[in-house]
Amino acid sequence: MADGRFFERKGPFSIAEIAEISGAMIADGCPENLSVSDVAPLQTADENCLSFFDNRKYLDAFAASKAGACFVREEFASRAPSGMVLFLSDDPYRAYAKAARAFYQAPDANGVISDRAFVDPSAVLATGVQVDPGAVIEAGVEIGAGTHIAANAVIGRGVVIGDGCHIGAGAALSHCMIGNLCIIYSGARIGQDGFGFAMGAQGHLKVPQLGRVIIGHDVEVGANSTIDRGAGPDTVIGNGCRIDNLVQIGHNVELGMGCVVVANVGISGSTKLGRFVVVGGQAGIAGHLEIGDGARISAQAGVMRNVKAGEVVGGSPAVPMMEFHKQTVALSRLIRKKQ
Amino acid sequence: MADGRFFERKGPFSIAEIAEISGAMIADGCPENLSVSDVAPLQTADENCLSFFDNRKYLDAFAASKAGACFVREEFASRAPSGMVLFLSDDPYRAYAKAARAFYQAPDANGVISDRAFVDPSAVLATGVQVDPGAVIEAGVEIGAGTHIAANAVIGRGVVIGDGCHIGAGAALSHCMIGNLCIIYSGARIGQDGFGFAMGAQGHLKVPQLGRVIIGHDVEVGANSTIDRGAGPDTVIGNGCRIDNLVQIGHNVELGMGCVVVANVGISGSTKLGRFVVVGGQAGIAGHLEIGDGARISAQAGVMRNVKAGEVVGGSPAVPMMEFHKQTVALSRLIRKKQ
Amino acid sequence: MADGRFFERKGPFSIAEIAEISGAMIADGCPENLSVSDVAPLQTADENCLSFFDNRKYLDAFAASKAGACFVREEFASRAPSGMVLFLSDDPYRAYAKAARAFYQAPDANGVISDRAFVDPSAVLATGVQVDPGAVIEAGVEIGAGTHIAANAVIGRGVVIGDGCHIGAGAALSHCMIGNLCIIYSGARIGQDGFGFAMGAQGHLKVPQLGRVIIGHDVEVGANSTIDRGAGPDTVIGNGCRIDNLVQIGHNVELGMGCVVVANVGISGSTKLGRFVVVGGQAGIAGHLEIGDGARISAQAGVMRNVKAGEVVGGSPAVPMMEFHKQTVALSRLIRKKQ
């Protein structure tokens, strides 16, 4: 059970309500008048809890679970303990996510502008915006309805933020336009000028960076991540992208919709990722490359060339994954021969 | 000598006092009524300074040092310059650390709550707590005696912090419980929700992250490091851990006591480290792994499988260190043959 | 054209003014009484725009460009479209940078100390200093003329900052001295104590870190980067260095003048870089090493030994670049043989 110091739980919800919320189907013969009061993993759930079974590896845990109700694929329904209410779904984890979000809702912005915040008189805040103590909102900023600016965040001159966003504590935004329903985590830095200068022995001369950062809807940018603004064109993050903590995104980079970028990744200037690209932790991508739709970059890979749509690459310099595995095996054989 | 703009020096201390503070033994024949007024390296120490000799490589520097007093292992005592007061210790660096801490004490919290800070009326602050300008302390927070909250730090709703801690400038804490005597450096982000969502072409749906971050006693978390809260279980950092700057620790990760994690490391979700594990800089550890007590992960290693207690691994993917060295040698031979 | 929400454009400038600003020479026969009102890339520039041609790869774009004026090397002047005003320069990009900086000047500090900032009475601020809301300036700080301290930045006790600097939103400085004309980006952490302790099973005992961070003139430190203060000696960043985002620099590290350090790099304690060293993204350099003048460390390299002046290294562990390329080729041949 989630710690009440930090989490507020809604519910209980009836079986019928859960079906509606999750879009899953109640299995035949299950009583619809029961209710569940919390969510929990299979191993710790009790008869008041709703759980999910999504990974064959946990079949034993499913068969032994005391959960009162559970999301499951139809093919495994027969393995359920007797008495468990079953919700049938092709994607039990997503159905569970929807239900869990009903129990534990992200709190709405409370509409209070703290008198300890600084809001420039020229800023335009829509209804329901919450601005916490110490936040600073500079001239010309526009903030959409129901957005929450957490404590000590800084929203620089002219920035536009959409509806229903959350800007984390101490984050700093400048030179950017952010869509609706985005979460910018604590300490993220968006819109500072990128690493652009004319190098030379007489000194590295800064070149004005005249683009912006354009962030779509439903985007998450992780804690302490950094996204530089464009040098002339914009840096663009597509709808639905998920960027983890401590990620660096250089100037002019473009991410198509639904990309997932894991922690500690660096993407160099002017590289373009297609849609639904996944970049594993600590991977690096050189500048001016094209990474195709649905490509997967393995953790710690070092990408030095374009990657085709759907391709999976690993290693540094990165090669097709199959090749990387063979290299690993060949290296390990090589040293065995030498012994 | 440390710059007086930034450091306040106590002392001088008599030889007898240094012996007591450090636990080291004064060598026979050394005058106990002398005193030392500062600490310094062997090379720059003068007759008023206390130094240490711990690394054979610096034997010449030791023999030539002008330090008035020095911590040393008994076996090297005979190599000291004449007139040097010797403190004998099996661990001269640790003995030195104790003495240096007496000269340069971390300043105590001054018990002042700045009227430029925001402290929610429901927060409970023990005696002697210092809260600097711009810090924000939200509802229900509890802070132990003598803890210092530096400028512009944000302590989120319900967070509990023990006694004698230092929370650095601009750090942000939420959903966490922190023990005594911890140092959370500037810009660290602790307790934000982890990278958890149901992926899919119809969008990546966020799954509520219902755990906390539990940090033991005497833990350090480096500048701009990030520790995500648990997804259901907690993320746990054991007593005495040292986490360097810019480290990412994913949800549900557990570190046993005394782990040392160097800068730029990423540890993926649900991985468990035993006691006294050392992780070198820029190493990455994949999710759901077990790293045994006393294991050592080399810098830049990419750990993809469990590591046994005491094992040393390197490379990406990581292999036993001996094997990694052999791979390196084999590769270098391979290209020589081809020439 | 740069977005007017975020950028203020000066000008127009006459052809003669541009020649003077940039130091480039107007090609024979070009009318000096014309003017240009903006800068733009070759592809999007119109007849009112000033552009540059620096990379042979874009020769077609140059020949087809509608730019009214362009910086170019003399050898390519004959390839210009007719009617284009040509500025001849040996370094067209640098000449362009100078012109672009005239159109888009970094705004001067406005001399306003916000009443929402906290400035300790003992701090000394020179004329024209701007301190934004939420910034905290502690006791004994000295700030030079025309320096801008952005919102929620924290300048710790005794810190000295030169003239004409910009300290970004939410940055935190302590135990450091900073020269003139430096830019410290948002969220950078400078001067915290480094990762120094006496390790041991009875706990890792912190050793007081008694040095400072000394930063020269015209230095940039990227967003969320961290620079630890020296342990006894100082950590030193030479004039004209450019440090990108999310870089970690350990205690006692020294960078000579003009070094360029790309994002996500880690440099371990006591390592010394010469002048004009370039360190590629995500590279790591072990502690106590010497990296010679003009050396180049490739992205993701892991440097475990000294690097000579002018040497180029890559791989992990890093070897001379030529050798690293051969290793890569040899590995790829090896697996082809095995198939």
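Here are legends for three close-up views of this predicted model. Residues are numbered from 1 along each chain as its sequence is written, while chains are lettered from A in the order in which they are written. Local features need pLDDT of at least 70 and side-chain atom pairs count only at pLDDT 80 or more, but totals for chains, interfaces and linings use all residues.

**View 1. Chain A laid on chain B.** A turn of 120 degrees, with a shift of 0.0 Å along the axis, lays chain A on chain B with an RMSD of 0.1 Å (superposed by least squares on the C-alpha atoms of residues with pLDDT of at least 70 in both). That is the relation of a three-fold axis.

**View 2. Where chain C touches chain A.** Here 47 residues of chain C are in contact with 43 residues of chain A (C-beta atoms, placed from the backbone, within 7 Å). On the chain C side, helix H3 (92–103) and helix H4 (321–338) each supply at least two residues (helices are DSSP runs of H or I, at least four residues, numbered from the N terminus). This side of chain C has 21 nonpolar, 15 polar and eleven charged residues (Ala, Val, Leu, Ile, Met, Phe, Trp, Tyr, Cys and Pro count as nonpolar, Asp, Glu, Lys and Arg as charged, the others, Gly among them, as polar).

**View 3. Two helices of chain A.** The axes of helix H1 (residues 15–22) and helix H3 (residues 92–103) of chain A come within 8 Å and cross at roughly 115 degrees (lines fitted to C-alpha atoms over the stretch in contact, with angles from 0 to 180 degrees between N-to-C directions). Ile18(A), Ile21(A) and Ser22(A) of H1(A) meet Ala95(A), Lys98(A), Ala99(A) and Ala102(A) of H3(A). By class, these contact residues are five nonpolar, one polar and one charged.

Key
Contact = placed C-beta atoms within 7 Å.
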